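Colleague: I would like to learn how to read cysteines, ring pairs and packed helices from a set of coordinates. Could you take me through them one at a time?

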Amino acid sequence: MIKPSLLIIDDEVKLRSLLTRILELEGYTIWQASTVRQGLQELEKHTDVLLILTDVRLPDGDGIDLLQKVKSKYPDIEVIVMTAYGTISDGVKAMKLGAFDYITKGDQDEQMLLTIEKAVEKAQLRKKVSELESKVNTQSGFETIIGNAPAIANAINMARRVATADTSVLLEGETGTGKELFAQAIHQASTRKGKPFVAVNCSAFPKDLLESEMFGYRKGAFSGAVSDKKGLFEEADTGTLFLDEIGEMHTDLQSKLLRVLETQTFTKLGDTKPTKVNVRIVAATNRDLNKEAEKDHFRLDLYYRLSVFKILIPALRERKEDIPTLALHFCQYYALKTNKRIDSLAPEFIKQLMGYTWKGNIRELKNIIERAVILCDLDQLTEDLLPIEILSDKTDKTINHSETSISAIEKIHIQKILSVTGGNKPEAANLLGIGLTTLYRKMHEYGLE
């Protein structure tokens, strides 16, 4: 087991040595310094330091100034400020600047050791959370998509194939199924990895504001335009622009988007010269854009341009076998964030999750688990921690939802017809009453090649 590292900064050699001896007996690794300058040098050398014990008065400065420098450069390190002559003003200032505690030298060893132990625990937790969040932020590839159900495995396979093609991708699926996670994974697996990934929710802005957000504007283009503004297309240049809920975009703006897709150029508001960009578009929607186009709610030509490669992201009810794995993953994540030891899910807890309809999909599951972790006082999530809507859900638990969605039924029917015809695709298309090209497209969508 690795010993936690502490740094003591004090110019009193005897006190420093005494503290070192006591803390080493408690299992800590101790580094020492006598000045602010030496202390900062020790921090550069020993990056595993979790806690600093520093005197207020030092030969080349004071502990309060050191506290500010440490918190500015090493925000995860805890600092305990020590003084022989404690004053209320110094104590208040230290705590405001982020000190874990402000103690007077000569306090009982037991009390000091307890304070140090709590500070180390807090630093360790902060470090774990930072590492976890960093891992989530940096590992946005396909390894972050959890699940082995056939429906999600097929979607991942399709996304992997198109990732390096540098073509437009349309992600279809219900709200909360993880479409942005797929978009990030496609970007990370593409040749544009390392370049900007910019996401915008098209439903979050009114038409005029979304236009200025996407394309930017020149100073003086309208009242309030006091300076030039770069749009999201410029921010995403050489990278990927993720347009979430694109079905909510106003039709006037759709025509401008179509032009950018075709020419990779656009003109900012208030500008006379076109701006050229090199951007890959990944769009997402929870609507059937083909039907929306038939109702004149979405441009058909834009739909064709965006749907060069479509991927259907399955709803959670279509991949229920992944629920226990997802639930445990979210449980471990939130337990770590809340400094709780929760390592399992009770069988009845899982049973209730498996029987629920999950209209909000993975996002809803994530929120339910976070709530349960907050309420949990044991080492296991139990049934009583679930909200009433899950416990009282009267949905027929015998229904196999993975076989009741329209797309799932269509896939099964095509499989049966192909089986009947022995894989003869022209004959299968004839029996299905669709064109051969349509059959090939649907086989590609459902992974039936």
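Modeller: What follows takes those topics in turn, and please keep in mind throughout that this is a predicted model.

Colleague: Let us begin with the cysteines: how many disulfides does the structure hold?

Modeller: The general idea is to look at the separation of the sulfur atoms, since a disulfide requires a pair of them within 2.5 Å. In this structure the count is 0 disulfides.

Colleague: Why does Cys-331 not form a bond with Cys-376?

Modeller: The cysteine sulfur closest to that of Cys-331 belongs to Cys-376, and because the two atoms are 7.4 Å apart, they are too far from each other for a bond. As for its surroundings, Cys-331 has a relative accessibility of 0% and therefore counts as buried, and Cys-202, at a relative accessible area of 1%, is buried as well.

Colleague: Turning to the aromatic side chains, how many aromatic pairs are there, and how should I read one?

Modeller: A ring pair is read from the distance between the ring centres and the angle between the ring planes. The structure holds 8 aromatic pairs, and one of them joins Phe-233 and Phe-266, whose centres are 6.0 Å apart and whose planes meet at 45 degrees, so this pair is tilted. It links distant parts of the chain, with Phe-233 in helix α9 (residues 232-235) and Phe-266 in strand β13 (residues 265-266), 33 residues apart. Phe-233 counts as buried at 1% relative accessibility, and Phe-266 counts as buried at 6%.

A second example is the pair of Tyr-356 and Trp-358, where the centres are 4.7 Å apart and the planes stand at 90 degrees, so the arrangement is edge-to-face. Tyr-356 is buried at 9% relative accessibility, and Trp-358 is buried with a relative accessible area of 0%.

Colleague: Which residues do ring pairs link into a cluster?

Modeller: Phe-215, Phe-233 and Phe-266 are linked in this way.

Colleague: Finally, at what angle do helix α8 and helix α10 pack?

Modeller: Two packed helices are described by the angle between their axes and by the distance between those axes. Here helix α8 (residues 207-215) and helix α10 (residues 251-263) pack at about 15 degrees, with their axes 10 Å apart. Because angles under 35 degrees count as roughly parallel, α8 is roughly parallel to α10, and the crossing of the two is left-handed.

Colleague: Which residues of α8 and α10 meet?

Modeller: From α8 come Lys-207, Leu-210, Glu-211, Met-214 and Phe-215, which meet Asp-252, Leu-253, Lys-256, Leu-257 and Val-260 in α10.

Note on methods:
Residues numbered from 1 in each chain as written. Predicted model: local features only at pLDDT ≥ 70, side-chain atom pairs only at ≥ 80, totals over all residues. Heavy atoms only, no water. Buried < 20%, exposed > 50% of the residue type's maximum accessible area, 1.4 Å probe, protein only. Phe/Tyr/Trp six-rings, centres within 6.5 Å; stacked < 30°, edge-to-face > 60°. Helix = DSSP H or I, 4+ residues; strand = E, 2+ residues; numbered from the N terminus. Axes fitted to C-alpha atoms, helices over the stretch in contact; angles between N-to-C directions. Parallel < 35°, antiparallel > 145°, perpendicular 65-115°, else oblique. Left-handed = near helix turned anticlockwise from the far one by under 90°. Contact = heavy atoms within 4.5 Å.
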